[in-house]
Amino acid sequence: MARLLLLGGTAEALELARSTAGDPGLHTVTSLAGRTRRPAEIPGEVRVGGFGGAEGLARHLQEQAIDLLVDATHPFAVVMARNAAQACHDTGVPRLKLLRPAWRPAPGDLWLEAADAAAAAAGLSGLGGRFFLTTGLRDIAAFAGLEDPWFLVRLIDRPEAALPLARHDLILARGPFAEAAEVALMRGHRIEALIAKNSGGYSTYAKIAAARRLGLPVVMIRRPKAPAGEMAETVDQVLAWIAARTGRGGPS
Ligand SMILES: NC(=O)c1ccc[n+]([C@@H]2O[C@H](COP(=O)([O-])OP(=O)(O)OC[C@H]3O[C@@H](n4cnc5c(N)ncnc54)[C@H](OP(=O)(O)O)[C@@H]3O)[C@@H](O)[C@H]2O)c1
């Protein structure tokens, strides 16, 4: 039986775990960083926590006799992606990166692209004073030095420490989100601009569509570059890659 290590933390990784669960020729282990407190129910084996860098992951691949690695982490989880590339290079374990397509501006969108969270924070002047900040906890520190703006922050889990923002409200919610609810939320808080990462995918796209509907600008943080190597954009492409690598043809 082939052993697959699936680096997760995304909706696509969950879909892959579900799709491979009944496969008698494949043992799938989903790996999570352990950042969220209520991870969704994942079929198959699940391990939680870091590996200890690229070297730790290389050791893990060997000790666990992993045959294939699918990196289905979030497009912004670049440290993990680089470590996976390095560890697979060093051990010869085949690796596929699942990278959902980035969002592209549609007619009516008012996007201001930023290279990273710091650049996004530096570019807020002139966009009003009330922002919907949806970057996730790690990037909030980039907005800490700003005294004037007010932020509506949305996170999945309540943070352990107070947010380092002078003026803000916090809401807790997990996607997927609906466009009508996002429009109501932004209207209700008199939001003047949305700050988002270009995550791609369906689960959090509603806020982008809502900003378009409301005619609001979006400060869009560009994706970091993924390491070179084999890439897939969809779960079906990953399943076909696994099938080909395990000598069992593609999905029907
Ligand atoms: N970044 C985002 O915006 C975002 C959004 C949604 C979901 N996520 C998910 O949240 C997790 C953490 O993201 P991040 O941006 O903090 O990652 P990151 O900065 O790329 O990774 C930091 C460290 O966290 C550990 N790690 C990350 N993903 C892991 C996984 N799937 N299994 C085991 N260890 C993992 C690794 O520790 P060691 O070096 O010790 O191995 C890695 O070096 C990922 O699983 C990602 O898919 C991230």
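This report describes the two domains of a predicted model, the interface between them, and the surroundings of its ligand.

## Two domains

The domain assignment divides the chain into domain 1, which is made of residues 2-101 together with 225-245, and domain 2, which covers residues 110-221. Taken over C-alpha atoms, the centres of domain 1 and domain 2 are separated by 29 Å. To the contact between them, domain 1 gives 10 residues, while domain 2 gives 13 residues.

## The interface between the domains

Domain 1 and domain 2 bury about 970 Å² between them, and 40% of this buried area lies on carbon and sulfur atoms. When the residues of domain 1 that touch domain 2 are sorted by class, four are nonpolar, two are polar and four are charged.

What does the rule for salt bridges find across the interface of domain 1 and domain 2? The rule finds zero salt bridges there, whereas three residue pairs are found in polar contact across the interface, with both residues at pLDDT 80 or more.

## The ligand and its surroundings

The ligand is surrounded by 23 residues, and the closest of these are Gly8, Ser31, Phe51, Arg138 and Lys197. Arginine 138 also has an N or O atom in its side chain that lies 2.7 Å from an oxygen atom of the ligand.

The backbone takes part in the surroundings of the ligand as well: a polar backbone atom of valine 79 is 3.0 Å from a ligand oxygen atom, and a polar backbone atom of methionine 80 is 2.8 Å from an oxygen atom of the ligand. On its own the ligand has 810 Å² of accessible area, of which the protein covers 80%.

Conventions: Residues are numbered from 1 along each chain as its sequence is written. This is a predicted model: local features need pLDDT of at least 70, side-chain atom pairs count only at pLDDT 80 or more; totals for chains, interfaces and linings use all residues. Side-chain values use heavy atoms; hydrogens and water are left out. Domain bounds come from an automatic or database domain assignment. Contact means heavy atoms within 4.5 Å. Buried area is the accessible area (1.4 Å probe) that two parts lose on being put together, summed over both. A salt bridge is a side-chain nitrogen of Lys or Arg within 4 Å of a carboxyl oxygen of Asp or Glu. A polar contact is a pair of N or O atoms within 3.5 Å; within protein, one must be able to donate a hydrogen and the other to accept it, and residues adjacent in sequence count only if both atoms are side-chain atoms. Ala, Val, Leu, Ile, Met, Phe, Trp, Tyr, Cys and Pro count as nonpolar, Asp, Glu, Lys and Arg as charged, and the others, Gly among them, as polar. A residue is near a molecule or strand if one of its heavy atoms lies within 4 Å of it. Accessible areas come from the Shrake-Rupley method with a 1.4 Å probe; for residues, only the protein chains shown count as cover.
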